[in-house]
Amino acid sequence: MAQFYSPKRRVTTRQNSPVLTLTVDNLDPFGQGVAHHNGKAIFVPGVLPGEQAEVQLTEEKNKFAKGRLKRLLSRSPQRVEPRCPHFGVCGGCQQQHADESLQQQSKAAALVRMIARETGVTPQQEPVIAGPQYGYRRRARLGLLWQPKQQRLVMGFRQAASSDLVPVTQCPVLHPELEQLLTPLRSCLSALQVARRLGHVELVLADNGPILVLRHLNALKEDDRQALQAFARTKNVTIYLAPDSDSLEKLCGETPYYQVDGLRLDFSPRDFIQVNDHVNQQMVAQALEWLSIQPNDRVLDLFCGMGNFTLPLARRAAAVVGIEGVATLVANGQYNAHKNRLNNASFFHENLEEDVEQQPWAAQGFDKVMLDPARAGAAGVMSHIVKLAPERVVYVSCNPTTLARDSKVLLSAGYRLARVRMLDMFPHTGHLESMALFINGSAPEVAAK
């Protein structure tokens, strides 16, 4: 059984703990091997199911313990060589040592177990929605740190369980267009006069090319601006400058956009977009199929962002209403609806964690509901969804715990959990994303494909 716990909880570190010989039973969603000793689950990073290892306990609680791999005694046929030279030090990936099938199988099984344990309903395992295992990330944020003793600029990702930076020259999970910028970008930034006062750099891949957002703590002099513009011309990069967390200045380049369901969505480089484009395209298509949109349908899209689902829904429905708590995303959704000539899509800027009954959209009726909340889930709006009594609800989740919790509200109201699919949005990491279809009463179920 998958066990979820928070690494921020206080734990007891065992001093001079013994070394145990353990055989791992399965893999948890975070990529840790799970073994058992004296009735207690022991989580051991770096060990795969079926492998035997010498493990030293590092932390212990009443119901579980954590261990450190000392020596691998046997090797699983599903163990593979990590492609990234920084794996095991950089905190970005946890599962590059496990093959694709094991990663997906363990996450999908954990999802089903979690839902079954919390709701009493055991969903049928379905094929995972997946894309390429490497080169999939179209967004990354790299820290920048000037080391005065070495007189050099470090650019990299955070070390596992640490705030220290790991200098990176390669990142195989990054889209190749972004990965190939790493070395020349560090050289460019190192040569700037403001190199000692840089915060971080964000890389984003739009459909019309790479974007660079540079957080700088001091104002840029003209020479630095010209150096960045020269880099942009050489590498065909759009550059934005961020002197603080709220300001954004486009130094050069085009307005970024991406496409989904044949629509063009312009966005700001700080807007949320799905990191994995291949999975996003499939996810949107699956949501459209499950909702079975009819020409007369009114659809509600909660936590809608800038319209990733809203606008494709508007191509098929009579009307779509999107609700989002971030004002800039609402403005971009409205802009993109107008630009794509979707006059039947409207957006509201509302906080869905507040009293939704008083919000202007809440008095409207809807036939179908789509929601894609953050990790905290959608507790504040689930009871209102039940009051709306839509025929179908599609829930996209980045946290199986809150998905299971919110599912119980729909199940208690007479909905049935018709379909569940795992989304391999972040291969090699501990992120477990999924989507579920709930059908009201005796409405027909969507046939599996």
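In which handedness of crossing does helix 8 pass helix 9? Helix 8 passes helix 9 in a right-handed crossing, a crossing being called right-handed if the near helix is turned clockwise from the far one by less than a right angle, and left-handed if anticlockwise.

This is a predicted model, in which local features need pLDDT of at least 70 and side-chain atom pairs count only at pLDDT 80 or more, while totals for chains, interfaces and linings use all residues. Residues are numbered from 1 along each chain as its sequence is written, and side-chain values use heavy atoms, with hydrogens and water left out. Helices (H or I, at least four residues) and strands (E, at least two) are DSSP runs, numbered from the N terminus.

**Helix 9 and its helical partners**

Helix 8 (residues 379-388) packs against helix 9 at an angle of about 20°, with the axes 9 Å apart; axes are lines fitted to C-alpha atoms, for helices over the stretch in contact, and angles run from 0 to 180 degrees between N-to-C directions. Helix 8 and helix 9 are therefore roughly parallel to each other, given that angles under 35 degrees count as roughly parallel, over 145 as roughly antiparallel, 65 to 115 as roughly perpendicular and the rest as oblique. On the helix 8 side, Ala 379, Met 382, Ser 383, Ile 385 and Val 386 meet Arg 405, Asp 406, Val 409 and Leu 410 of helix 9, where contact means heavy atoms within 4.5 Å. The residues of this contact divide into six nonpolar, one polar and two charged; Ala, Val, Leu, Ile, Met, Phe, Trp, Tyr, Cys and Pro count as nonpolar, Asp, Glu, Lys and Arg as charged, and the others, Gly among them, as polar.

Helix 1 (residues 100-119) also approaches helix 9, their axes coming within 9 Å and crossing at roughly 40°, which makes helix 1 oblique to helix 9. The crossing of helix 1 with helix 9 is right-handed. From helix 1, Leu 111, Met 114, Ile 115, Glu 118 and Thr 119 meet a set of helix 9 residues that includes Pro 400, Leu 403, Ala 404 and Leu 411. By class, this contact has seven nonpolar, three polar and two charged residues.

**The sheet that carries helices 7 and 9**

An open sheet of seven strands follows the order 19-18-17-20-21-23-22, with mixed pairing; two strands pair if DSSP finds at least two bridges between them. Strand 19 (345-349) and strand 22 (415-423) stand at the edges with a single partner strand each, so one side of each is left without a neighbour in the sheet. The twist averages 15° from one strand to the next. Strand 18 (residues 319-324) runs parallel to strand 19 and is joined to it by five bridges, with Gly 322 standing opposite Phe 347 in strand 19. Helix 7 (residues 327-339) lies across strand 18 and strand 19, at about 170° to strand 19. Helix 9 (residues 400-412) packs on the sheet as well, touching strand 21 (392-397), strand 22 and strand 23 (433-440), and its direction makes about 165° with that of strand 21.

**A second open sheet**

Seven strands form another open sheet in the order 10-9-8-11-12-13-14, again with mixed pairing, and its edge strands are strand 10 (165-167) and strand 14 (249-252), each pairing on one side only. Neighbouring strands of this sheet are turned by 35° against each other on average, direction ignored. Helix 3 (residues 182-190) packs on this sheet, touching strand 8, strand 9 (152-158), strand 11 and strand 12 (209-216), with its direction at about 135° to that of strand 9.

Three antiparallel pairings are set out below.

| Strands | Bridges | Facing residues |
|---|---|---|
| Strand 8 (139-147) and strand 11 (198-206) | five bridges | Gly 143 and His 200 |
| Strand 2 (19-23) and strand 6 (52-60) | five bridges | Thr 21 and Glu 54 |
| Strand 6 and strand 7 (64-72) | seven bridges | Leu 57 and Gly 67 |

A hairpin joins strand 6 to strand 7 through three residues.

**Two loop residues with positive phi**

Most residues other than glycine have a negative phi. Asp 261, however, has a positive phi of about 55° and lies in the loop between strand 15 (257-260) and strand 16 (263-266). Arg 341, in the loop between helix 7 and strand 19, has a phi near 60°. Asp 261 is partly exposed, with a relative accessible area of 22%, whereas Arg 341 is exposed at 74%; buried means under 20% relative accessible area, exposed over 50%, and partly exposed in between (1.4 Å probe, protein chains only).
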